[in-house]
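Hi,

Here is the structure I promised to pass on to you. Have a look at it first, and then read on for what turned up in it.

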Amino acid sequence: MSLDRYRTAVVTGASRGIGAATVRQLRISGIEVYAVARSADDLTSLAQETGCRPLALDISHRDAVLSALGSLDADVLVNNASAFARSTVSWEAAPDDIDALMDVNLRGPLNCLAALVPGMKARGLGHIVNLSSMAATWAIPGMPVYAMTKAALHNLSQTLRLDLHGSGVRVSEIAPGRVETGAHLALLDDREEGRRRFYEGYESLLAEDIAEAIMFVLGSPQRMDVSFMEIVPTDQSYGGSQFHRRGI
C-alpha cells in the first residue's frame, strides 16, 4: 500500500472522531492535510498534535468553501463531516434538524466537490472518499431524514464515478455501521441515556477502524477503485437491526 502519488488532502469534519483519526493517519503517511471543521479550538489542538493545516469553515456555505479550498491542488477529498438529529418518525422531524442535516450531509459535500474536483480532473489525478452510513442502504427506524441524506450521498458517489469516468479520478464510498464516536448521543435528549442505549455492552467500531479503511482505499493501486465498502461491527447485522449486547 502506497500513497506516494498523493501530496495534499482535505478532510471535513476533522475536529473529532473519524475525521481526526483520518487526519492523524494521513499525516503519519507524510501527506499535507487541510483539516476542515467549524470548531476552531479543536482544530488548533489537532494541528499542534499532527502538524495539519486547520481551516475553521462552515462547509454549507458555497462561497466560503470556494474561497478557502478552490485554490488548493488537493489530491484527496474525504467528505466526512456529518450531522445527526434527534430520533423521531419522519413526519415529526423538526425543521431545524432537517436544515442541519441537509446543510452538512448534502450541501457540504457538493460544495467541497465544486471547489476541488475541477483541479483533480485537470491534473488527471485524485481520490474522493465519501463517508455515508449503513443507513444509506438499510431501513433503520428513528432516523429517517439522516438516512435520506446518506442515501443521497450513496447515489452521489455512484453518479460521480460516471461523471468522472476516464478522468483518472477515483471515487470510494465507505458506509460504517455503529462507530463509538459520541455522535449517537445526539439522537436522544438525555446524553447519558444515549450512552447506555447505544454504547454500553456493545463492541462497536472505533474511529481508528474507519480511518484505516480510508487509508486502504487511498493506498490501493491506481488501477483499482474500491467503489463501495460497508464496515460493521462483528456483532451487528441486518442493517443494524440486530446488535448482540455482551454481558448484559
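Let's start with a single residue: does E173 count as buried or exposed? It counts as buried, because its relative accessibility is 2% and the cut-off for buried is under 20%. Before going further, keep in mind that this is a predicted model.

So where does E173 sit? You'll find E173 in strand 6, which covers residues 169-176. Its side chain makes a polar contact with the side chain of S132, at 2.6 Å. Leaving out residues up to four places away in sequence, E173 touches N130, S132, H154, S157, V226, S227, F228 and M229. Try finding L131 as well: E173 and L131 are 42 residues apart in sequence, yet their C-alpha atoms are 5.9 Å apart in space.

Now zoom out for a moment. The protein chain has seven helices and nine strands. It is 248 residues in length, and 49% of them count as buried. If you take the contacts with a separation of 6 or more, 70% of them are between residues 24 or more positions apart.

Next, the nonpolar cores. The largest one has 36 residues, and the residues with the most contacts inside it include V23, V129, I174 and I214. Several elements each supply at least two residues of this core, among them strand 1 (8-12), helix 1 (17-28), strand 5 (126-131) and strand 7 (228-231). Which helix gives the most to this core? That is helix 7, with eight residues. I214 is worth clicking on: apart from its neighbours within four places in sequence, I214 is in contact with I18, T22, V78, V129, L131 and I174. There is also a second, separate core of 34 residues, which includes V10, A81, L160 and L164.

Then have a look at helix 1 and helix 2 together. Their axes come within 10 Å and cross at roughly 25 degrees. Angles under 35 degrees count as roughly parallel, and the two helices are therefore roughly parallel to each other. The crossing of helix 1 past helix 2 is right-handed. Which residues meet there? From helix 1 there are A20, V23, R24 and R27, and from helix 2 there are L46, E49 and T50.

Two loop residues are left. N80 is in the loop between strand 4 (76-79) and helix 4 (95-123). Although N80 is in a loop, it counts as buried because its relative accessibility is 10%. The N80 side chain reaches the backbone oxygen of G13 at 3.1 Å. Not counting residues up to four places away in sequence, N80 touches T12, G13, I18, G19 and L131.

The other one is L206, in the loop between helix 6 (191-198) and helix 7. With a relative accessible area of 42%, L206 is partly exposed. L206 and E180 are 26 residues apart along the chain, and 5.5 Å separates their C-alpha atoms.

A nice way to go through all this is to colour E173, I214, N80 and L206 in your viewer and take them in turn. Write back if anything is unclear.

Cheers

How values were computed. Residues are numbered from 1 along each chain as its sequence is written. This is a predicted model: local features need pLDDT of at least 70, side-chain atom pairs count only at pLDDT 80 or more; totals for chains, interfaces and linings use all residues. Side-chain values use heavy atoms; hydrogens and water are left out. Helices (H or I, at least four residues) and strands (E, at least two) are DSSP runs, numbered from the N terminus. Buried means under 20% relative accessible area, exposed over 50%, partly exposed in between (1.4 Å probe, protein chains only). A polar contact is a pair of N or O atoms within 3.5 Å; within protein, one must be able to donate a hydrogen and the other to accept it, and residues adjacent in sequence count only if both atoms are side-chain atoms. Contact means heavy atoms within 4.5 Å. A nonpolar core is a set of buried Ala, Val, Leu, Ile, Met, Phe, Trp, Tyr and Cys residues joined through side-chain atoms within 4.5 Å. Axes are lines fitted to C-alpha atoms, for helices over the stretch in contact, and angles run from 0 to 180 degrees between N-to-C directions. Angles under 35 degrees count as roughly parallel, over 145 as roughly antiparallel, 65 to 115 as roughly perpendicular and the rest as oblique. A crossing is left-handed if the near helix is turned anticlockwise from the far one by less than a right angle, and right-handed if clockwise.
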